[in-house]
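I opened the model to go through its surface, sheet and core. My entries follow in the order I looked things up.

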Amino acid sequence: MDKSSYKSDFAKINGIRLHYLDWGGSGETLLFLTGMGCSAHLFDQIASRFTDKFRVLALTRRGQGKSDYPETGYDLDTL
């Protein structure tokens, strides 16, 4: 798979910068969420397979990868 076909960017949510990858596509949004300790790059090998039916995004949670590492906000409701 060609991993260069995504856009890498950040969204600022409640003052925290969260890293995401956008493979494009059309249709409803398909959002891949990582488990604990992983980044959005976890989906590099499979995300482009869904762009024919969906707009495909993957989010890196706070405290992981390139997303911000705030001191608080790691409770399950916030994550």
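**Surface and burial.** I looked up the accessible surface of the protein, and it comes to about 5,100 Å². Carbon and sulfur atoms hold 52% of it. Accessible areas come from the Shrake-Rupley method with a 1.4 Å probe, and for residues only the protein chains shown count as cover. I then checked burial and noted that buried residues make up 32% of the 79 residues. Buried means under 20% relative accessible area, exposed means over 50%, and partly exposed lies in between (1.4 Å probe, protein chains only).

**Source notes.** This is a predicted model, in which local features need pLDDT of at least 70, side-chain atom pairs count only at pLDDT 80 or more, and totals for chains, interfaces and linings use all residues. Residues are numbered from 1 along each chain as its sequence is written, and side-chain values use heavy atoms, with hydrogens and water left out.

**Overall make-up.** I listed the secondary structure and got zero helices and four strands. Helices (H or I, at least four residues) and strands (E, at least two) are DSSP runs, numbered from the N terminus. Along the sequence the pattern reads β-β-β-β. The radius of gyration is 13 Å and the globule rule gives 12 Å for 79 residues, so the protein is as compact as a globular protein of that length. That radius is taken over C-alpha atoms, and the rule is 2.2 Å times the number of residues to the power 0.38. The C-alpha atoms fill a box of roughly 40 × 20 × 20 Å along the principal axes. I also looked at contacts (heavy atoms within 4.5 Å). Of the contacts with a separation of 6 or more, 57% are between residues 24 or more positions apart.

**Sheet.** In what order do the four strands lie? They form an open sheet, β1-β2-β4-β3, with mixed pairing. Two strands pair if DSSP finds at least two bridges between them. At the edges are β1 (7-13) and β3 (29-33), each of which pairs on one side only. From one strand to the next the twist averages 30°. For such angles, axes are lines fitted to C-alpha atoms, for helices over the stretch in contact, and the angles run from 0 to 180 degrees between N-to-C directions.

**β1 with β2.** I found seven bridges joining these two strands, which run antiparallel. A11 stands opposite L18 in β2. The two strands form a hairpin with two residues between them. N14 lies in this loop between β1 and β2 and has a positive phi of about 50° although it is not a glycine. Most residues other than glycine have a negative phi. N14 is exposed, with a relative accessible area of 76%.

**β2 with β4.** Four bridges join this antiparallel pair. I noted three partners across it: L21 has A58 as its bridge partner, Y20 stands opposite L59, and D22 stands opposite L57. Why is β2 largely enclosed by the rest of the structure? Eight of its nine residues are buried, so the rest of the structure largely encloses it.

**β3 with β4.** This pair runs parallel, with five bridges. L31 in β3 stands opposite L57 in β4, and L57 is also the residue that D22 stands opposite.

**G24.** I checked this residue of strand β2. G24 touches T51, F54, R55 and V56, not counting residues up to four places away in sequence. Its C-alpha atom is separated by 8.3 Å from that of S48, 24 residues apart along the chain.

**Core.** Which residues make up the largest nonpolar core? It has eight: L21, W23, F32, A40, F43, A47, V56 and A58. A nonpolar core is a set of buried Ala, Val, Leu, Ile, Met, Phe, Trp, Tyr and Cys residues joined through side-chain atoms within 4.5 Å. The elements that give two or more residues to it are β2 (16-24) and β4 (55-59). I followed A47, which touches W23, F32 and V56, leaving out residues up to four places away in sequence.

**R61.** Last, I looked past the sheet and found R61 in the segment after β4. Is R61 buried or exposed? R61 counts as buried, at 19% relative accessibility. R61 and L18 are 43 residues apart in sequence and 6.5 Å apart in space, C-alpha to C-alpha.
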